[in-house]
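The following note sets out numbered points for a colleague's consideration. It moves from the overall fold to individual residues.

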Amino acid sequence: MSTGHGSRFDLNRYDLATYLVYLLAVAFFIFPIFWVLSMSLRPEGDVLTYPVQFIPDELTLAAYEQVYGPATTWLWNSTKIAVLEAIGILLVCVPAAYAFSRFEFRGRRHVLFGILLFQMISPVVIVIPMYSVMNTLGLFDTHFGLILLYIGLQVPFSTWLLKSYFDTIPDQLDDAAAIDGCSRLQTLWHVILPSMLPGIAVVIIFNFVFSWSEFVMAFTVLQSSDLFTISVGVFAFQGQYSTSWTLIAAVSILAILPLIVMFVALQRYFIRGLTEGAVKG
């Protein structure tokens with residue numbers, strides 16, 4: 001009897017320690033967002049006050065009113081680029097991943113290894129060559145050029161990720177569809193892709209977040225302020241001799257909100273996709 005009580009006590013103590021770790025992890029990630037939100041609601045002169053106040057005495061939306069105009073344009077630019085990049089990634093990587101998963105052809109392993117090797121190259125390394133190429137092709141300072149660049153950078157990761165999900169779907173589904181008279185394209189569209197929705201959601205979220213938050217390439221390619229993405233727009237408020245921290249904080253909060261909304265809307269598919277990929281892959 002005492003052993004049973006002891007095991008229940010140990011289990012409760014273990015659960016308490018687990019919840020404490022979760023609480024610390026949540027606080028670690030939530031506190032910076034809370035602090036940025038607090039800064040965005042302060043008057044400009046209260047940012048560097050001492051002692052530090054987590055909740056300011058005076059709340060104001062003046063910073064949001066100042067950044068509303070340019071931030072709206074930058075948010076639209078980021079949304080357009082992220083959506084088109086995600087669509088382009090699916091158009092390129094879904095057929096490629098399906099082919100790598102279902103077909104055996106000469107050099108298949110070498111091509112897969114080459115794709116994986118390209119993924120290991122840091123985008124910072126190719127900034128200068130890409131700048132020269134895009135300038136030569138007339139794609140410099142255009143959203144279309146930046147979208148193509150993002151698609152090229154994300155193809156290796158997305159192809160490998162989608163291939164792992166295709167590998168979890170039995171080949172018998174393809175055989176059954178072929179017996180019913182479906183072509184390869186019909187099989188992919190009507191039979192395989194409906195079973196791939198969680199994996200596709202994961203790819204969309206990863207690519208959307210990448211395009212939304214990427215800074216180096218966007219800062220290199222885009223020069224006109226009306227073409228800036230939200231990540232470059234945040235940097236634009238940093239002056240050479242002074243920096244308005246309330247404006248930067250306000251733009252940062254506006255940049256975070258769409259990602260939160262998207263994740264809440266797709267979290268069911270996202271969590272399911274990650275779980276299935278981990279278990280079946």
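1. Contact pattern. This is a predicted model. Among contacts in the protein chain between residues at least 6 apart in sequence, 74% join residues at least 24 apart.

2. Secondary structure and surface. The protein chain holds 11 helices and zero strands, so that, in the notation of the elements, the order from the N terminus reads α-α-α-α-α-α-α-α-α-α-α. Of the 281 residues in the protein chain, 36% are buried, where buried means under 20% relative accessible area. The accessible surface of the chain is about 17100 Å², and carbon and sulfur atoms account for 70% of that area.

3. Helix α2. This helix covers residues 62-102, a run of 41 residues. From its first C-alpha to its last α2 reaches 57 Å, close to the 60 Å expected at 1.5 Å a residue. A kink of about 55° is nevertheless present at Tyr68 in α2, shortly before the proline Pro70.

4. The largest nonpolar core. This core has 56 residues, and those touching the most other members are Leu146, Leu162, Phe166, Met196 and Met217. At least two core residues come from each of α2, α4, α5, α7 (184-192), α8 (197-213), α9, α10 and α11. Helix α2 supplies the largest share, 13 residues. In soluble globular proteins, nonpolar side chains tend to be buried together.

5. Surroundings of Met217. Which residues does Met217 contact, leaving aside neighbours within four places in sequence? They are Pro123, Ile126, Val127, Leu146, Leu149, Tyr150 and Leu153. Leu146 appears again here, having been listed with Met217 among the core residues that touch the most other members.

6. Aromatic pairs. The count comes to 13 aromatic pairs. One of them joins Tyr131 and Phe140 in an edge-to-face arrangement, with 5.0 Å centre to centre and 80° between the planes. Tyr131 counts as partly exposed because its relative accessibility is 37%, and Phe140 is likewise partly exposed, at 22%. The pair of Phe219 and Phe235 is edge-to-face too, with 5.3 Å centre to centre and 80° between the planes. Phe219 lies in helix α9 (residues 216-221) and Phe235 in helix α10 (residues 230-236), so this pair ties together parts that are 16 residues apart in sequence. Both of these rings belong to partly exposed residues: Phe219 has 39% relative accessibility, and Phe235 has 37%. In addition, ring pairs link Trp74, Phe228 and Phe237 into a cluster.

7. Backbone of Asp141. Where is Asp141 found? The residue is in the loop between α4 (127-136) and α5 (143-167). Its phi is near 60°, a positive value in a residue other than glycine. Most residues other than glycine have a negative phi.

8. Gln238 and its contacts. Gln238 is in the loop between α10 and α11 (245-280). Is Gln238 buried or partly exposed? Gln238 counts as partly exposed because its relative accessibility is 45%. Not counting residues up to four places away in sequence, Gln238 touches Thr243 and Ile248. The C-alpha atoms of Gln238 and Ile248 are 7.7 Å apart in space, while the two residues are 10 apart in sequence.

Notes
Residues are numbered from 1 along each chain as its sequence is written. Side-chain values use heavy atoms; hydrogens and water are left out. Helices (H or I, at least four residues) and strands (E, at least two) are DSSP runs, numbered from the N terminus. The expected span of a helix is 1.5 Å times one less than its number of residues. The bend at a residue is the angle between axes fitted to the seven residues ending there and the seven starting there. Rings of Phe, Tyr and Trp (its six-membered ring) pair if their centres lie within 6.5 Å; planes under 30 degrees apart count as stacked, over 60 as edge-to-face and the rest as tilted. Buried means under 20% relative accessible area, exposed over 50%, partly exposed in between (1.4 Å probe, protein chains only). Contact means heavy atoms within 4.5 Å. Accessible areas come from the Shrake-Rupley method with a 1.4 Å probe; for residues, only the protein chains shown count as cover. A nonpolar core is a set of buried Ala, Val, Leu, Ile, Met, Phe, Trp, Tyr and Cys residues joined through side-chain atoms within 4.5 Å.
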